[in-house]
Amino acid sequence: MRLAFLQGYTISQLLPNIIVLGIFSLIMLPISIWIFSKAVQRAKQDGTLTQY
C-alpha cells in the first residue's frame with residue numbers, strides 16, 4: 001500500500017507482493033481456524049468458557 005500511495009506503483013508492479021500475501025493467507029487462515037477451534041474445545045473441557 002505504501003508503494004502504491006507514495007510512489008505510484010501500479011497493480012502489475014505490486015503483483016509479486018500480492019501473490020505472496022495471498023499464499024500466506026491461504027496457508028495461515030485454515031491453520032489459525034483449526035488452532036482456535038482446538039483452544040475453544042480445550043476451554044470447554046476445562047470449564048473456563050461459561051457462555052459456551
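1. Let's start with the pair at arginine 42 and aspartate 46: both residues are exposed in this predicted model. Their side chains meet in a salt bridge, with an N to O distance of 3.6 Å. Arginine 42 and aspartate 46 lie about one helical turn from each other, because they are 4 residues apart in helix H2. If you go looking for further pairs, note that a search of the whole structure finds 1 salt bridge.

2. Next, the largest pocket. Its volume is about 160 Å³. The lining is made up of Met1, Leu3, Ala4, Ile11, Leu14, Asn17, Ile18 and Leu21. Two elements, helix H1 (2-7) and helix H2 (11-46), each give two or more residues to that lining. H2 provides the largest share, with 5 residues.

3. What about the chemistry of that pocket? Its lining residues split into 7 nonpolar and 1 polar, with no charged residue.

4. You may also like to look at the surface, where a nonpolar patch has about 1200 Å² of accessible area in total. Its members are Ile11, Leu15, Ile18, Ile19, Ile23, Phe24, Leu26, Ile27, Met28, Ile31, Trp34 and Ile35.

5. Finally, a residue worth clicking on is isoleucine 18, in helix H2. Ile18 appears in the lining of the largest pocket and also belongs to the nonpolar surface patch. Is isoleucine 18 exposed or partly exposed? Its relative accessibility is 40%, so isoleucine 18 counts as partly exposed.

Conventions:
Residues numbered from 1 in each chain as written. Predicted model: local features only at pLDDT ≥ 70, side-chain atom pairs only at ≥ 80, totals over all residues. Heavy atoms only, no water. 1 Å grid on protein atoms, 1.4 Å probe; cavity = no way out; pocket = protein on both sides within 12 Å on 5 of 7 lines; lining within 4 Å. Points joined across faces, edges and corners; volume = space filled by probe spheres on them. Nonpolar A, V, L, I, M, F, W, Y, C, P; charged D, E, K, R; others polar. Salt bridge = Lys/Arg side-chain N within 4 Å of Asp/Glu carboxyl O. Buried < 20%, exposed > 50% of the residue type's maximum accessible area, 1.4 Å probe, protein only. Patch = residues over 30% accessible without salt bridge, like charges linked within 9 Å, V, L, I, M, F, W, Y side chains within 5 Å. Areas by Shrake-Rupley, 256 points an atom, 1.4 Å probe, with all protein chains shown as cover.
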